[in-house]
Amino acid sequence: MRILVVEDEERLAARIAEGLRDQGMAVDVSHDGNDALAKIQINGVYDVLVLDRDLPGRSGDEICQALAGRPDAPMIMMLTALSGTDDRVDGLTLGADDYLGKPFAFAELVARVRALSRRAPSAQPVLRCADLTVDRARHRASRGSRSLSLTRKEFGILEMLLAAEGALVSAEELLEHVWDANADPFSNIVSVTMTRLRRKLGDPPLIETVVGKGYRI
């Protein structure tokens with residue numbers, strides 16, 4: 001799951017991003033509305049947008065309006081000090097999918113972000129292939145009766161491959177969705193993580209490499 005946090009208070013943005021990364025999410029950060037829209041247009045890979053309303057450059061309201069109705073738009077959670085009933089109604093009317101007032105409990109933020117990601121059209125809560133099961137909601141994976149102890153990145157790769165339902169997924173796509181903008185696109189981090197994942201999955205092998213094109217279940 002890849003998240004974009006748009007918050008002009010830099011210390012708060014850093015804390016939110018760090019906390020979401022600790023939960024296994026890939027997180028990018030923007031402190032300006034114009035920069036946020038540019039990131040969405042360039043990357044186009046975000047599952048959830050955590051969005052402050054009061055932003056420099058372009059407001060959260062304007063970002064909601066710009067994304068409203070787009071089939072590739074991320075789910076939007078407004079995170080703002082404007083938390084009255086009328087404010088919540090305004091935000092949801094503008095196109096936000098959820099609304100959380102400041103101050104907030106971080107556990108609630110995480111739960112709401114996960115819930116939004118599950119509401120995306122392609123987000124089935126449980127993914128299966130042969131004897132392999134990935135429970136997105138509980139962040140658990142198993143093969144047969146054996147529970148798999150996976151790192152966050154290994155889980156993210158497995159989740160993305162299963163969601164593709166046998167279609168090829170390139171290393172570039174895995175890097176974009178499972179890692180964040182700080183990942184080095186010229187590193188071999190995807191292949192190294194894939195090797196560890198295959199070892200943990202065991203035999204018979206489930207992940208196929210199509211040389212020069214990518215991977216598939």
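How many helices and strands does the chain have?

## Overall composition

The chain contains eight helices and 11 strands. The structure described here is a predicted model. Of the 217 residues in the chain, 42% count as buried. The chain exposes about 11,000 Å², and carbon and sulfur atoms supply 49% of that area.

Contacts across the sequence can also be described. Among contacts between residues at least 6 apart in sequence, 57% join residues at least 24 apart.

## Strand β4 and its partners

Strand β4 spans residues 75-80. Because six of its six residues are buried, β4 is largely enclosed by the rest of the structure. Its side chains fall into two sets: Met75, Met77 and Leu79 point one way, whereas Ile76, Met78 and Thr80 point the other way, and all are buried.

Two strands are joined to β4. Strand β3, residues 48-51, runs parallel to β4 and is connected to it by four bridges. In this pairing, Val48 stands opposite Met75. Four bridges likewise join β4 to β5, and these strands also run parallel. Here the bridge partner of Met77 is Asp98 in β5.

## Asp98 in strand β5

Asp98 belongs to strand β5, which covers residues 98-101. Is Asp98 buried or exposed? Its relative accessibility is 16%, and the cut-off for a buried residue is under 20%, so Asp98 counts as buried.

The side chain of Asp98 makes a polar contact with the side chain of Arg112, at 2.7 Å. Not counting residues up to four places away in sequence, Asp98 touches Ile76, Met77, Met78, Leu92, Arg112 and Leu116. Of these residues, Ile76, Met77 and Met78 are buried residues of β4.

## Helix α6

Helix α6 is formed by residues 152-163 and has 12 residues. From its first C-alpha to its last it reaches 16 Å, close to the 16 Å expected at 1.5 Å a residue. Just after this helix, Glu165 takes a positive phi of about 55°.

The helix is mostly covered, with nine of its 12 residues buried. The buried residues are Glu154, Phe155, Gly156, Ile157, Leu158, Glu159, Met160, Leu161 and Leu162. They pack against the strands β6 (126-129), β7 (132-135), β8 (140-143) and β11 (214-216), and against the helices α7 (171-178) and α8 (189-201).

## Nonpolar cores

Which residues have the most contacts inside the largest nonpolar core? This core has 24 residues, and those with the most contacts inside it are Ile157, Leu158, Leu174, Met194 and Leu197. The elements that give two or more residues to this core are β7, α6, α7 and α8. Its largest share, six residues, comes from α6.

Ile157 illustrates the packing around α6. Leaving aside neighbours within four places in sequence, Ile157 is in contact with Leu174, Val178, Trp179, Val190, Thr193, Met194 and Leu197. Apart from the largest core lies another core, of 18 residues, among them Ile16, Leu20, Met77 and Leu109. Met77 is thus a member of this other core and the bridge partner of Asp98.

Key:
Residues numbered from 1 in each chain as written. Predicted model: local features only at pLDDT ≥ 70, side-chain atom pairs only at ≥ 80, totals over all residues. Heavy atoms only, no water. Buried < 20%, exposed > 50% of the residue type's maximum accessible area, 1.4 Å probe, protein only. Polar contact = N/O pair within 3.5 Å; in protein donor to acceptor, adjacent residues only side chain to side chain. Contact = heavy atoms within 4.5 Å. Expected span 1.5 Å × (residues − 1). Core = buried A, V, L, I, M, F, W, Y, C linked by side-chain atoms within 4.5 Å. Areas by Shrake-Rupley, 256 points an atom, 1.4 Å probe, with all protein chains shown as cover. Pairing = 2+ DSSP bridges.
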